[in-house]
Amino acid sequence: MEDKQNPKKQKTEHPQSSSNDNKDTEMTKLAEGVEFDTIAREWRCKWSPDNDKKSLVELQKVLNEHIEDIKKVDGVKEVKRIICGNCMDFKVITALTQEKFGDWEKEQFAPEEKFLEKIKKIDGVSMVETQTYTFMTII
């Protein structure tokens, strides 16, 4: 029986890869047909539209201050910033190879603590949260 806390790693070919860039990559199988090769850490909060969206402007400034440190994290595949103007979401998603994610976790996802401390001090920012999840590009 498969241990649900420790999914099986196996070599799998990316189904979304073109014939020119097929590469074997270590994938983790969560369930039949459900695999991943990337783990992402999300930092998120809500911002206020008050004062000409000043909190959103300040959030972007804090992200800009930390971009170089995020780039230095070993195994980073991509960093996405997501903004929703309707629900006032601000999200930063850092995706790493699954092989390197554990090392970053041991470092407490640096610079996460500094980033979160700064954004919590911004007027109009609320619901500061983090989440870890798998990330898989399909197409």
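Of the 139 residues that make up the protein chain in this predicted model, 32% count as buried. The protein chain exposes about 9,100 Å², and 47% of this area is supplied by carbon and sulfur atoms. Confidence in the prediction is given by an average pLDDT of 86 for the protein chain, with 82% of the residues scoring at least 70. Over residues 1-23, however, the pLDDT is below 50, although this stretch has 41 contacts in the model beyond near neighbours in sequence.

The protein chain contains three helices and seven strands, and from the N terminus on these elements follow the order β-β-β-β-α-β-β-α-α-β. Among the contacts in the protein chain with a separation of 6 or more, 61% are accounted for by residues 24 or more positions apart.

One residue that brings several parts of the sequence together is T94, which lies in strand β6, spanning residues 89-97. T94 counts as buried because its relative accessibility is 0%, a value under the 20% limit for that class. When residues up to four places away in sequence are not counted, T94 touches I39, A40 and R41, as well as I70, V76, E78, V79 and W104.

W104, one of the residues touched by T94, also takes part in aromatic packing. A search of the whole structure finds four aromatic pairs, and one of them is formed by F101 and W104, whose rings are arranged edge-to-face, at 6.1 Å centre to centre and with 85° between the planes. Both residues lie in helix α2, which covers residues 98-106, where they are three residues apart, about one turn of the helix. Both F101 and W104 are buried, and ring pairs link these two residues with F109 into a cluster. The ring of F109 is in turn covered by the charged end of R41, which sits over this ring at 4.0 Å from its centre.

R41 is also engaged in one of the 11 salt bridges that a search of the whole structure finds, since its side chain meets that of E112 at 2.7 Å, N to O. Because E112 lies in helix α3 (residues 112-120) and R41 in strand β4 (residues 38-46), the pair ties together parts that are 71 residues apart in sequence. Both E112 and R41 are buried. R41 thus appears in three of the settings described here, as a residue touched by T94, as the charge over the ring of F109 and as the salt-bridge partner of E112.

A further salt bridge is formed where the side chains of E42 and R44 meet, at 2.5 Å, N to O, and both of these residues are likewise buried. E42 and R44 are linked with E129 in a network of salt bridges.

Another of the charged pairs involves helix α2, the element that holds F101 and W104. D74 forms a salt bridge with K100, in which the closest N and O atoms are 2.9 Å apart. As D74 lies in the loop between α1 (50-71) and β5 (76-84), whereas K100 lies in helix α2, the pair ties together parts that are 26 residues apart in sequence. K100 counts as partly exposed, because its relative accessibility is 30%, which falls between the limits of 20% for buried and 50% for exposed residues.

Methods
Residues numbered from 1 in each chain as written. Predicted model: local features only at pLDDT ≥ 70, side-chain atom pairs only at ≥ 80, totals over all residues. Heavy atoms only, no water. Phe/Tyr/Trp six-rings, centres within 6.5 Å; stacked < 30°, edge-to-face > 60°. Helix = DSSP H or I, 4+ residues; strand = E, 2+ residues; numbered from the N terminus. Buried < 20%, exposed > 50% of the residue type's maximum accessible area, 1.4 Å probe, protein only. Lys NZ or Arg CZ within 6 Å of the ring centre and 35° of its normal. Contact = heavy atoms within 4.5 Å. Areas by Shrake-Rupley, 256 points an atom, 1.4 Å probe, with all protein chains shown as cover. pLDDT = per-residue confidence, 0-100. Salt bridge = Lys/Arg side-chain N within 4 Å of Asp/Glu carboxyl O.
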